[in-house]
Amino acid sequence: MSEESGDTEDSARQAQDADPEPHADPTPQDAPTPRVGIAALSMPYQVVAAVVLAVLGVFACVHLGMVFLHVAPSNTLTKQHGEAVDDWIYPEFEQNWKLFAPNPLQQNIAVQVRATVAGDGGRRTTGWIDLSGQDAANIRGSLLPSHTEQNELRRAWDFYLNSHTDDHRPNGLRGELSESYMRRIVMLRLDERELGGTVQRVQVRSVTRPIPSPAWSGEKTDTDPVFRTYPWWRITDPDRPAGAAGAEARGVAPNRTEAGR
């Protein structure tokens, strides 16, 4: 009886060795590893992807280098290649560090304009029009104010101030460009108003109002506004929103003889 039991156990053990379990399906050792990422592309597409990544990498390095030179203190590189750095940075990548400066901005600066208008009743000068206040009114209460309403006038005014001397003289071509830019923005804003005639010249001024100190602060701040008035600008047809073609269509003669004072 014991011999039969031993034979039965040996037979069962041999059967297990000969027949593996149904769920134990061995993985072929020579199966290829699936390719992912760029390696999964065909050779031409791999070359294109490599070239694109290389171009993006070079652009990122150049951009970071230009930004670093723009914000870094004056050095040999910025003195020799400052114009190239400015051409790369302005206007899309301009850096504004005033929020983190030792003395952050503590004042509100408004830009106002008045115009000399020629109409049926002769020439007259309008009162001061608060362009900054108009922008503030347009974005107040708006959940998604436009970039133009928030920043166009402010950035243009900063551009003008930074490219002119204290006696209002432009610093090269950038100064002339900033002045032309400001005139066109002013004329766009005035074109939205019914002034009753043709604008012949405009004058801008800045109104600086220091921000009052908080109630809990013992600091005393003079909050009286400070006005700074700039020279008159003569308006020519290219300064107008419709340009020279629009002036001719309205029957307005080109204004080329009015001298700015």
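Let's start with salt bridges: a search of the whole structure finds six of them. Take Arg189 and Glu152. Their side chains meet in a salt bridge, at 3.1 Å from N to O. Where do Arg189 and Glu152 lie? Arg189 is in helix α6, residues 172-191, and Glu152 is in helix α5, so the bridge ties together parts that are 37 residues apart in sequence. Keep in mind throughout that this is a predicted model.

Now look at how covered these two are. Arg189 counts as buried, because its relative accessibility is 7% and the cut-off for buried is under 20%. Glu152, at 21% relative accessibility, counts as partly exposed.

Two other bridges are worth a look. Asp167 pairs with Arg169, and their closest N and O atoms are 3.3 Å apart. Asp167 counts as partly exposed at 47% relative accessibility. Arg169 is exposed, with a relative accessible area of 55%. Next, the side chains of Asp237 and Arg240 meet in a salt bridge at 3.4 Å, N to O. Are these two buried or exposed? Both Asp237 and Arg240 are buried. And back to our opening pair: salt bridges that share partners join Asp135, Glu152 and Arg189 into one network.

Let's step back and see the whole protein. It has seven helices and six strands. In what order do they come? From the N terminus, the elements run α-α-α-β-β-β-α-α-α-β-β-β-α. There are 261 residues in the protein, and buried residues make up 25% of them. About 18600 Å² is exposed, and carbon and sulfur atoms supply 56% of that area. Now think about contacts. Count those with a separation of 6 or more: residues 24 or more positions apart account for 57% of them.

On to the rings. How many aromatic pairs does a search of the whole structure find? It finds five. Trp157 and Tyr160 make one pair: their ring centres are 5.5 Å apart and their planes are at 20°, so the pair is stacked. These two residues are three apart in helix α5, residues 147-162, which puts about one helical turn between them. Trp157 counts as buried at 3% relative accessibility. Tyr160 is buried as well, with a relative accessible area of 2%.

Trp157 has another ring partner, Tyr230. Here the centres are 5.2 Å apart and the planes are at 90°, so this pair is edge-to-face. What does the pair tie together? Trp157 lies in helix α5 and Tyr230 in the loop between β5 (226-229) and β6 (233-234), so the pair ties together parts that are 73 residues apart in sequence. Both Trp157 and Tyr230 are buried. Ring pairs link Trp157, Tyr160, Tyr230 and Trp233 into a cluster.

Rings also meet charges here. Arg174 lies over the face of Tyr90, 4.5 Å from the ring centre. Arg201 lies over the face of Trp232, at 4.0 Å from the ring centre.

Next, the strands. Find Ser206 in strand β4, residues 198-210. Ser206 counts as buried, at 6% relative accessibility. What does Ser206 touch, leaving aside neighbours within four places in sequence? Its contacts are Ile109, Ala110, Trp157, Val226, Phe227, Arg228 and Tyr230. Notice Trp157 and Tyr230 in that list. They are the edge-to-face pair from a moment ago.

Follow one of those contacts, Ala110. Ala110 sits in strand β1, residues 107-119. Ala110 is buried, with a relative accessible area of 10%. Not counting residues up to four places away in sequence, Ala110 touches Asp130, Ser132, Arg205, Ser206, Val207 and Arg209. Ala110 and Arg205 are 95 residues apart along the chain, yet their C-alpha atoms are separated by 8.4 Å.

Just before that strand, go to Leu105, in the loop between α3 (76-89) and β1. Leu105 counts as exposed, at 54% relative accessibility. Its C-alpha atom is separated by 9.2 Å from that of Pro210, 105 residues away along the chain.

Last stop, the surface. Which residues form a nonpolar patch there? They are Ile38, Leu41, Tyr45, Val48, Val52, Leu53 and Leu56, with about 660 Å² of accessible area together. Tyr45 belongs to helix α2, residues 43-71. Tyr45 is exposed, because its relative accessible area is 57% and exposed means over 50%.

Note on methods. Residues are numbered from 1 along each chain as its sequence is written. This is a predicted model: local features need pLDDT of at least 70, side-chain atom pairs count only at pLDDT 80 or more; totals for chains, interfaces and linings use all residues. Side-chain values use heavy atoms; hydrogens and water are left out. Patches are made of residues with over 30% relative accessible area and no salt bridge: like charges are joined within 9 Å, nonpolar side chains (Val, Leu, Ile, Met, Phe, Trp, Tyr) within 5 Å. Accessible areas come from the Shrake-Rupley method with a 1.4 Å probe; for residues, only the protein chains shown count as cover. A salt bridge is a side-chain nitrogen of Lys or Arg within 4 Å of a carboxyl oxygen of Asp or Glu. Helices (H or I, at least four residues) and strands (E, at least two) are DSSP runs, numbered from the N terminus. Buried means under 20% relative accessible area, exposed over 50%, partly exposed in between (1.4 Å probe, protein chains only). Contact means heavy atoms within 4.5 Å. Rings of Phe, Tyr and Trp (its six-membered ring) pair if their centres lie within 6.5 Å; planes under 30 degrees apart count as stacked, over 60 as edge-to-face and the rest as tilted. A charge sits over a ring if NZ of Lys or CZ of Arg is within 6 Å of the ring centre and within 35 degrees of the ring normal.
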